[in-house]
Number of protein chains: 2
Amino acid sequence: MERRFESELKTLKSRILEMGGYVEQAIDVATEALHERSSAKLDNVHPLERKINEAHVLIDNQCVELLARQSPFAADLRLVIAIIKINTDLERMGDQAVNISYNAEHYLKDRRIDLADDLTKMAISVKAMVRNSLDAFMKQDTTLAQSVLEADDEVDAFKRRMFDQLLPFMKQSPDLVESALDLILIARNLERMGDHATNIAEDVIFACTGEDVRHGGGSGQ
Amino acid sequence: MERRFESELKTLKSRILEMGGYVEQAIDVATEALHERSSAKLDNVHPLERKINEAHVLIDNQCVELLARQSPFAADLRLVIAIIKINTDLERMGDQAVNISYNAEHYLKDRRIDLADDLTKMAISVKAMVRNSLDAFMKQDTTLAQSVLEADDEVDAFKRRMFDQLLPFMKQSPDLVESALDLILIARNLERMGDHATNIAEDVIFACTGEDVRHGGGSGQ
């Protein structure tokens with residue numbers, strides 16, 4: 001029984017990792033498309049989101065089956081529950097990537113605002129958060145998970161910096177309002193992805209230690 | 001054993017309902033505070049979010065213990081997993097209510113833009129989604145859960161309507177940009193709360209029928 005559990009857990013973990021890979025690709029595709037102002041490229045986020053959604057349903061069902069058949073407890077149980085939660089967060093990152101594609105309409109057509117460098121830097125930070133939160137999960141590394149929680153502050157700072165740069169554009173010219181607003185919403189989408197990676201890191205810490213680090217500061221995101 | 005499980009499930013369900021009550025209160029407090037332009041009243045969202053967070057940790061731990069001790073399967077197992085997920089969505093609604101309080105700074109000080117009526121209507125729709133998704137959960141009523149999925153389109157329409165009204169303000173006068181942007185972000189926060197209620201409704205349908213209605217249309221939120 002034990003061996004069967006370990007083997008199924010291994011499959012689940014590799015599926016989570018694969019799903020995380022699609023999320024990273026979706027961030028890359030979206031960021032490059034914005035950089036190149038390519039609507040066609042931005043559409044490539046959608047097939048990636050479909051893969052994320054397929055993985056989501058597959059992993060969720062496999063977790064329920066595993067719990068039903070093997071009735072794990074203690075650390076093993078916490079691990080399967082962590083996978084259920086991580087799966088949900090990855091799926092919602094996929095939604096956010098798609099939201100980026102929906103929010104880009106005016107920005108794609110208007111080259112007068114160019115924050116591609118800042119956007120790319122922010123996207124790199126978010127991708128690192130996704131990667132590190134999943135690495136922390138695979139290695140059960142709480143120190144790495146802790147570093148993801150700290151990186152979230154960096155992503156929030158990127159978002160504020162983008163807001164600060166975009167407001168003057170909006171005030172300067174009425175016909176820049178829509179494209180600046182697109183970027184504000186896109187920065188929020190990326191920030192939300194960072195929040196989901198933070199949730200994953202918290203779940204990893206809980207799964208490893210049984211210790212709840214959520215709501216530590218008593219404030220929301 | 002069976003009787004013990006039923007009794008613990010009853011406690012969990014009533015805690016979820018209580019938590020949903022705090023979420024509804026948080027929406028009320030935030031909306032009324034925006035209506036009255038009262039920063040002091042808006043601060044009352046924070047103690048509600050703390051209650052939501054406390055309930056979140058309590059329910060999560062109780063679910064893990066219940067799974068470990070009773071090893072439920074089939075419909076019972078799906079129900080406990082649904083509670084774990086619903087719990088997460090309610091907690092994130094609390095975050096969104098707090099985000100509303102963070103996004104209101106300029107709007108509170110500037111009475112030239114007044115979309116209180118639209119905001120209140122949108123908030124009422126979102127509250128109904130929260131209430132109905134939890135009622136559907138309590139009664140295991142998939143028809144009611146289905147109605148929540150449909151109500152999400154209404155909330156999205158409210159958001160678009162607010163965007164359409166706010167853009168002219170932003171274009172009309174540079175010094176209206178910040179307060180209009182506040183309301184755009186607040187409308188997004190409310191929309192996100194509706195998305196979380198949608199997630200709950202989907203979890204209810206899955207818990208009741210084992211049928212996965214997520215990703216039905218293949219598109220993100």
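Which residue takes a positive phi just after α6(A)? Before we get there, keep in mind that you're looking at a predicted model.

Let's start with the helix itself. Helix α6 of chain A covers residues 116–139, which makes 24 residues. At 1.5 Å a residue, a helix like that should span 34 Å, and the C-alpha atoms at its ends are indeed 34 Å apart, so the two values agree. Step just past α6(A) and you meet Q140(A), the answer to our question, with a positive phi of about 55°. Why point that out? Most residues other than glycine have a negative phi.

Now hop over to chain B. Here Q140(B) has a positive phi too, near 55°, and this residue isn't a glycine. You'll find Q140(B) in the loop between α6 (116–139) and α7 (142–172) of chain B. Its relative accessibility is 32%, so Q140(B) counts as partly exposed.

Back in chain A, look at the loop between α1 (2–36) and α2 (39–42), where R37(A) sits. R37(A) is another non-glycine residue with a positive phi, this time near 50°. Is R37(A) buried or exposed? With a relative accessible area of just 11%, R37(A) is buried, because the cut-off for buried is under 20%.

Finally, try finding L17(B), which lies in helix α1 (residues 2–36) of chain B. This leucine is partly exposed, at 36% relative accessibility. Setting aside neighbours within four places in sequence, L17(B) touches L134(B) and M138(B). If you look for I186(B), it is 169 residues away from L17(B) in sequence, and their C-alpha atoms are 25 Å apart in space.

How values were computed
Residues numbered from 1 in each chain as written. Chains lettered and ligands numbered in written order. Predicted model: local features only at pLDDT ≥ 70, side-chain atom pairs only at ≥ 80, totals over all residues. Heavy atoms only, no water. Helix = DSSP H or I, 4+ residues; strand = E, 2+ residues; numbered from the N terminus. Expected span 1.5 Å × (residues − 1). Buried < 20%, exposed > 50% of the residue type's maximum accessible area, 1.4 Å probe, protein only. Contact = heavy atoms within 4.5 Å.
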